[in-house]
Structures are given as structure tokens and as C-alpha cells.
Amino acid sequence: MYLLKDEAISGKLIIAAVILALIATNTALSGIYESFWHTHLTIGVGQWVISLDLRHWVNDALMAIFFLVVGLELKRELITGELRKFKTAILPIAAAIGGMVIPALIYMAVNAGGDGFQGWAIPMATDIAIVIGLLALLGTRVPSSLRLFLLTLAIVDDIAAVIVIALFYSTGINVVMLCLAICLSILTVLLQAKKCLSLPVFIIVAVLLWLLVNASGIHPSIAGTLIGLLAPLGVTSRHKKSIAERLERLTIPISTLVVVPLFAFANAGIVLTLSSFDGDATLSVAAGIILGLVVGKVVGIVGASWVMIKSGVSKLPTGSNWHHIIGVGMLAGIGFTVSIFVTELAFDQQQLIAVSKLSIFLASIVSGILGFVVVWVTIKPHMK
């Protein structure tokens, strides 16, 4: 349960980071805030030279740690966790798919043929850190089965986000670098099979793989997930815990308590004004995001759950009812971290980026309030 504890703290840190970023952007500190994040930092060894501003270092390099945790969670859940149990996993998996497809379709319908169509994946995401933070405020009112349902849903959501980013938001593929990344991945698997990997060696492999994926033109967040999937789960005579377990315990606090709040502070700084909502494109983007997160998420999650349960394939989480699923569906409309991440990849126009971020904020606030109220009213205090 250490993951839930870290996520609960992270949710509070994210909210604090967002508030600080908004204050900095909308006061006399705006110049200092922007100049800081536009400061360039160059790192290079030999021919490997990367020069990015600080915001891109956070978005492209540090966020790879966040996606590394996603990959580690996926591997653990598939092999030893709830995702290996069909009847337990199928409900949140179906709910997650419904909660991604419906928001995306709503956004596409609103923005069909418009300049903002490329942002169709923005309302697909759920910010598990903030959602878990809200659930923590509810304490014992939330049964463990409902927490597990939401956590599994969020993991599947994150996996889908990685796939979407890889397929639709990576450009200019360098085939040579991509082949080298694949070869390094295969070599890692072979070393793992022969039990020749140690944690320091695996970390070196991880850095090299990130460099190759970044150079290949595929977004480096994909490297983070791939590294997580490659991490060995087998134990050795020298260690009671596997490389994957040690890496997960090392990176989860870094990701949840440092990387994600820092990402929020770097990207949540927008001017709070309605002047950005100028023209059909911006209004359509705003409508697509807000409707997708506030309406599409709950409709998709509840609808998919209803189909799975009524067909007899699955059943409601123990101690839960349909009101609880509706509340969770509303909470899932809090799409912050990954939604903003996709926004930065989808748009080049600063006006569309600003409108998207503001719409994400508004939709997340509405979804969070509605979901919190529904869960609070419908769930009685539950003793663990």
C-alpha cells in the first residue's frame, strides 16, 4: 500500500504546485517564471549532445521516470498482481477502455475538421495521483475493493496513454537509432535470462536506452515504460528482492513526490483570462476537453462496467454499488498530468495550448467536486 500513500501525498503536492505556478504566471513574477523555464541546459558526452530548456528537460527526461513507474506497475500487475486474474481485472480494464474511447469520440465529434482535432487524446487521461489524494481525504469511507478498482483502471489508462503517444505523437523516426534501441532491449532480455544483470548495470542500460529512443524520434516517455517492462522480476542469491522490486521502491517516491509535482509546476503556468477563447477553434477545443472529461469519462466507465456486469462476465467490486461506480467515473474525469503532457505534444499554437490547459483545469475541478460529493454521500464509513 506504499504506492497509495505516496500517491495521496503526491496529489496534494500537485495541487500546491499548480497554485504556485498560477500565482507566478498571473503576478509580477511571470517574467521570472518564464525566463527560468526557458533557460537552456546542455549535457553531452562525445557525440551525444542534448540541449533543451529546463521545461523540456522536465517533460522529456524527468517524466521518463514517471513512465518507468508505469512500466514497472504494469509488469508487476500482469505477473503477480490483479491483472493476472481475469475476473478481477476485466471490469476495471473494460471500464478504463470505455473511459478513454468515449471522451476521445466526444472530442473528435466536436472538433471534426477543425484546427484542434489533433488534441483528441487530451481528455482520455486520468490523473491517479490527484484522485488517490481525494480518496485519502475520504478515509475509511472507501472500501479497499473500490480503491483497487480505481487503481487498476488508472494503470490501464496510463498504459493506453503510452501507446497513444507512441503511435500518434512521435514524429521523424530515425530507423538506425530505433534498431539500436531494439537490439539493446533484446540484449537486456538475454542478459536477464542468464542472470547477468545487476541493478547498477541495468541503470546504465536504462540511460543508454533512453538516449537511443530519444535520438530515434519516438517520444522518450516510451523509453521509460519499456525500461520498466524490461526490469527483471526474478530474485538472485545476493538479493531477496528482484531488480524490478528494488527499482520500483526507488523510483515511486521520486516520481510521485518530485517528478510529477515538478512537471505540474513547469506546465501549469497559464494566464487566467478568457481572452484566449477567441475563435471557433479554441471554443471547440475547450468544449471537447470539458465534455470529454466531465461527461465522457463517467459515461464511458459506467457504460462499459454495465455491459460487463449485465453480460455476466464480471461483477461489482465487493461492498460497492452503482452509485460508487458513478462516483469513481466522475473522479476519473480529473485528467491533469497526462492530459497536459499530451497537450504539449499535440499543439504548436500557444493559444490552443493555453485554452487546453485552462479547460483541463476547469473540467478537473468540476469532475473532482462532483465525484467527491457522490462518493461521500453514497459510501458509509467502512472499517478496514
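Student: What volume does the second largest cavity have, and how should I read such a space?

Tutor: The general idea is that rolling a probe the size of a water molecule over the atoms shows where empty space is left. In this predicted model, the second largest cavity has a volume of about 60 Å³, and a search of the whole structure finds two cavities of 30 Å³ or more.

Student: Which elements give two or more residues to the lining of the second largest cavity?

Tutor: Helix 6 and helix 13 are those elements, and helix 6 gives the most, with five residues. The lining includes Met 100, Ala 121, Met 124 and Ala 125, together with Asp 157, Val 338 and Val 342. By character, the lining residues divide into ten nonpolar, no polar and one charged.

Student: How many residues line the largest pocket, and which of them lie nearest its centre?

Tutor: The lining of the largest pocket has 34 residues, of which His 56, Asn 59, Glu 344, Phe 347 and Ile 353 lie nearest the centre, and about 740 Å³ of space lies within this pocket. Its lining divides into 13 nonpolar, 14 polar and seven charged residues. At least two lining residues each come from helix 3 (54-79), helix 10 (243-267), helix 13 (337-346) and helix 14 (350-378).

Student: Is Ser 339 buried or exposed, and where does its side chain find a polar partner?

Tutor: Ser 339, whose place is in helix 13, has a relative accessible area of 0%, which is under the 20% limit and therefore makes this serine buried. A polar atom of the Ser 339 side chain lies 2.8 Å from the backbone oxygen of Ile 122. Leaving aside neighbours within four places in sequence, Ser 339 is in contact with Ile 122, Ala 125 and Ile 360. Ala 125 also appears in the lining of the second largest cavity.

Student: How many residues make up the largest nonpolar core, and which have the most contacts inside it?

Tutor: As a general idea, in soluble globular proteins, nonpolar side chains tend to be buried together. Here the largest nonpolar core has 113 residues, and Phe 336 and Phe 361 are those with the most contacts inside it. Helix 6 (residues 144-168) provides the largest share of this core, 14 residues.

Student: What does Phe 336 touch, not counting residues up to four places away in sequence?

Tutor: Phe 336 touches Ile 14, Val 18, Asp 127, Ile 130, Ala 264, Ala 268, Ile 360, Phe 361 and Ser 364 on that count. Ile 360 is thus a contact of Phe 336 and also of Ser 339.

Definitions and conventions. Residues are numbered from 1 along each chain as its sequence is written. This is a predicted model: local features need pLDDT of at least 70, side-chain atom pairs count only at pLDDT 80 or more; totals for chains, interfaces and linings use all residues. Side-chain values use heavy atoms; hydrogens and water are left out. A nonpolar core is a set of buried Ala, Val, Leu, Ile, Met, Phe, Trp, Tyr and Cys residues joined through side-chain atoms within 4.5 Å. Buried means under 20% relative accessible area, exposed over 50%, partly exposed in between (1.4 Å probe, protein chains only). Helices (H or I, at least four residues) and strands (E, at least two) are DSSP runs, numbered from the N terminus. Contact means heavy atoms within 4.5 Å. On a 1 Å grid over the protein atoms alone, a cavity is a set of points where a 1.4 Å probe fits but cannot get out, and a pocket is an open set with protein on both sides within 12 Å along at least five of seven lines; lining residues have an atom within 4 Å of a point. Grid points are joined across faces, edges and corners, and a volume is the space filled by probe spheres set on the points. Ala, Val, Leu, Ile, Met, Phe, Trp, Tyr, Cys and Pro count as nonpolar, Asp, Glu, Lys and Arg as charged, and the others, Gly among them, as polar. A polar contact is a pair of N or O atoms within 3.5 Å; within protein, one must be able to donate a hydrogen and the other to accept it, and residues adjacent in sequence count only if both atoms are side-chain atoms.
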